[in-house]
Amino acid sequence: MMQLVTTIDDLLNEWGVWSQAGLGLTLSSASNDGVVALIDDDMGLLIDQAVAMLGLYAPKTKVVVMMSYRSKLSTKVIANNLDIGETKAKKLLLSGAAWLEGHLLAKGVIIKQAA
């Protein structure tokens, strides 16, 4: 079983850094500006697969998760880009993170609960 001492938000932020380094879903260009991810490729790929699976069930939620954690956009910018309210964007982001946390927990990733 893998051990990880972080919250799902921290883990998804690290996945965003990892995927910007040239790996991960929908690769467009590698632009990590010298930032190094704190997760390894195995964890990055595991999260990538989980995000892809999320997209099968909730495509818009996947897009919001990717825009937030991979592209580092605010919920306000995401809401404007998707033509939805900011509250809706926040709800989609929270539900996506919760779904991913549950999926990763089921895969044996131990995630610290946020305080």
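A residue counts as exposed when its relative accessible area is over 50%, and as buried when that area is under 20%. Values in between make a residue partly exposed. Keep these cut-offs in mind for the model above, which is predicted.

Start with Tyr57. Its relative accessibility is 62%, so Tyr57 counts as exposed. Tyr57 lies in helix H2. On the surface, Tyr57 joins Met53 and Leu56 in a nonpolar patch. Together, the three have about 380 Å² of accessible area.

Now look at the ring of Tyr57. A pair of aromatic rings is described by the distance of the centres and the angle of the planes. The structure holds one such aromatic pair. Its members are Tyr57 and Trp99. The ring centres are 6.0 Å apart, and the planes meet at 45°. The pair is tilted, because its angle is neither under 30 degrees, as in stacked rings, nor over 60, as in edge-to-face ones.

Where do the two partners sit in the chain? Tyr57 belongs to helix H2, residues 41–57, while Trp99 belongs to helix H5, residues 86–106. They are 42 residues apart, so the pair links distant parts of the chain. Trp99 has a relative accessible area of 29% and is therefore partly exposed.

Next, follow helix H2 itself. H2 has 17 residues. From first C-alpha to last, H2 reaches 25 Å, close to the 24 Å expected at 1.5 Å a residue. Which residues of H2 are buried? They are Met43, Gly44, Leu46, Ile47, Asp48, Ala50, Val51, Leu54 and Gly55. These buried residues pack against helix H1 (8–20), helix H3 (59–70) and H5.

Conventions: Residues numbered from 1 in each chain as written. Predicted model: local features only at pLDDT ≥ 70, side-chain atom pairs only at ≥ 80, totals over all residues. Heavy atoms only, no water. Phe/Tyr/Trp six-rings, centres within 6.5 Å; stacked < 30°, edge-to-face > 60°. Helix = DSSP H or I, 4+ residues; strand = E, 2+ residues; numbered from the N terminus. Buried < 20%, exposed > 50% of the residue type's maximum accessible area, 1.4 Å probe, protein only. Patch = residues over 30% accessible without salt bridge, like charges linked within 9 Å, V, L, I, M, F, W, Y side chains within 5 Å. Areas by Shrake-Rupley, 256 points an atom, 1.4 Å probe, with all protein chains shown as cover. Salt bridge = Lys/Arg side-chain N within 4 Å of Asp/Glu carboxyl O. Expected span 1.5 Å × (residues − 1). Contact = heavy atoms within 4.5 Å.
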